[in-house]
Amino acid sequence: MHNGSGVKCLKPGVPSQIKNAGGDKTRKKKAVERIPGYNLEIMTHHSKRYVALKVMYFGQRFYGFASEGQMDPTVESEIFKALEKTRLLVGDKEESRYSRCGRTDKGVSSVGQVIALFLRSNLKETDADNKISGELIPEAQIEGEIDYVRVLNRVLPNDIRILGWSPVPMDFSARFSCLAREYKYFFWRGNFNIQAMESAGKKFIGEHDFRNFCKMDAANVHNYRRRITMFEISPSNTRFEGNQLFAIKVKGSAFLWHQVRCMVAVLFMIGHGLESVDIIDALLDTEKTPRKPQYAMAPEIPLVLQSCEFEGVKFICSSGSRQALLIHLENEGRAYQLQSAIFHEAVLNCLPLPNDQNLLNEGTIKKVISHIPLLSRPTEPSYEERRAKLDSRR
C-alpha cells in the first residue's frame, strides 16, 4: 500500500506482516492514542533516519513556536499534525529524539528555524541504531530518499513551510549544536535618529550580562551573560508614503527570553531622543544597575528569527519543491499586498479631523514630556532577590 508521500507502507492487520496481530490489544490501543492516525507498532518497522528540517513561519496567528503550554495553535503543533498526517513520524516526540533550535514567542516569525528528529526513510540501508558520530551521512544516501519538503508542504497550513532538510549525525541537537542565531527586527524609519541607534547598538557587541535586557527566569536561568557578535541597522527596498522600512540585525551564540525585543525597546527610546546612547553602558553594568528598570518591550510582530547556523549542515531542497515553494511564497506575498492596498484605501477615505495636524503634534509633545528616564523608573527585583524568594518557598 502506498500513502500520499509515495512511500510503501505495510498493510495493517495482515498476519504475515504483523506478529501477534490478534494479541495485546491494550498495547495497540495505547499506541494509537499516543499518535493519532496510525499504529506505532507498524510504523516502527520502517527504516528511519535522523533529519534536520529548516522551517519558516509567519507567526501572527500562533501562540509561539513550542507546544508545551496549553495555548493552541502553535507552530510546533501544526508541524506534528503534518508529520502524523503524512506518516513520517516514528514514535512520539521523545522517541523521535526531537529538538528545536529556538523557542520564538507569540507573534514572532522565522525564515530559518531548525528542528531535528527521526523520520521515516526510503533508504533501507540507513542504520537508525548507529553509534553516536560526528560525521554526516554521505550525500550519496540522499538519492532516492523521501522528498520531505514536498510531502510536508502539501499538508502544512499556508503560513508554515519547510524550506529544506538535511541528514544529521546521531549526536546532533538543533538547540545545543547551534553555533549562532540571527534575528531581524523591522521598523519604519520615521523620525528615528538612526546614527544614535547604531552607536548605541554597537555597545551590545561582545560578551555582557544582559539581565537588564530580558525577561528574567530566575528559577531556570542562572547565567545571564551572552555574546553578541554582530549588530547592524540597514534600510530595505520597501517604502510606504515616503517612509522607508529599516531592519535591525543582531547575531549571537544564544539569546535570553525576550532579549532582542528589550534591546530594541531601549534603542527606540534612544532613536527618539528620550535616552542618551550611554544608557546602554549603564544597563549593561549590573553592579551599578542590578535591577532592571520597568519598561515595555518592543512589539513582537516585526521580529524574525533569520537563521540558525550549524557546522557541516547543508539543507537540501529538490528543484520541484523549490519551484512550488517560491510560487507559494510569492502568492502569499501578493495576498498581503492586496490587504495593504485595502487598508490604504480606508486611510484615504477617512474623514479629516479639524486641526488634525495640530492634534498629532500635541500628542507627540505630550509623549516626550511624559517620558520618565529609565534610571529614574521603578525597578524589577534583582536576580538575587528573586532567588531568595524562590528558596524561601521550599
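Which residue lies over the face of Phe118, and at what distance from the ring centre? I looked this up first and found Lys48 there, at 4.6 Å from the ring centre of Phe118; a charge sits over a ring if NZ of Lys or CZ of Arg is within 6 Å of the ring centre and within 35 degrees of the ring normal. I noted Lys292 over the face of Tyr295 as well, at 4.9 Å from the ring centre.

**How I read the model.** This is a predicted model, in which local features need pLDDT of at least 70 and side-chain atom pairs count only at pLDDT 80 or more, while totals for chains, interfaces and linings use all residues. Residues are numbered from 1 along each chain as its sequence is written, and side-chain values use heavy atoms, with hydrogens and water left out.

**Confidence.** I looked up pLDDT, the predictor's confidence in each residue from 0 to 100, and found a chain mean of 84, with 80% of residues at 70 or more. Over residues 1-23 pLDDT stays under 50, and there the model has 36 contacts beyond four places in sequence, a contact being heavy atoms within 4.5 Å. Over residues 358-367 pLDDT also stays under 50, and I found one contact of that kind.

**Backbone.** Most residues other than glycine have a negative phi, and most peptide bonds are trans. I therefore wrote down the peptide bond from Asp72 to Pro73, which is cis with omega near 10°. Pro73 lies in the loop between β1 (48-57) and α3 (75-85); helices (H or I, at least four residues) and strands (E, at least two) are DSSP runs, numbered from the N terminus. Glu241, in the loop between β7 (225-240) and β8 (243-252), has a positive phi near 50° and is exposed, with a relative accessible area of 62%. His258, in the loop between β8 and α6 (259-271), has a positive phi near 65° but counts as buried, at 12% relative accessibility. Here buried means under 20% relative accessible area and exposed over 50%, with partly exposed in between (1.4 Å probe, protein chains only).

**Helix α8.** I checked the 30 residues of α8 (residues 319-348), which should span 44 Å at 1.5 Å a residue, and the end C-alpha atoms are 43 Å apart, which agrees; the expected span is 1.5 Å times one less than the number of residues. In α8, Ser321, Leu325 and His328 are buried, and the buried residues of this helix pack against α4 (148-153) and β4 (160-167).

**Rings.** A search of the whole structure gave me 18 aromatic pairs, where rings of Phe, Tyr and Trp (its six-membered ring) pair if their centres lie within 6.5 Å, and planes under 30 degrees apart count as stacked, over 60 as edge-to-face and the rest as tilted. Phe204 and Phe210 have ring centres 6.1 Å apart and planes at 35°, so I entered the pair as tilted; both residues are buried. Tyr224 and Tyr383 form an edge-to-face pair, 5.8 Å centre to centre with 65° between the planes, and they are 159 residues apart in the chain.

**Core.** A nonpolar core is a set of buried Ala, Val, Leu, Ile, Met, Phe, Trp, Tyr and Cys residues joined through side-chain atoms within 4.5 Å. Of the 58 residues in the largest one, Phe172 is one of those that touch the most other members, and α6 gives the largest share, 10 residues. I found another core apart from it, of 27 residues, among them Tyr98 and Trp165.
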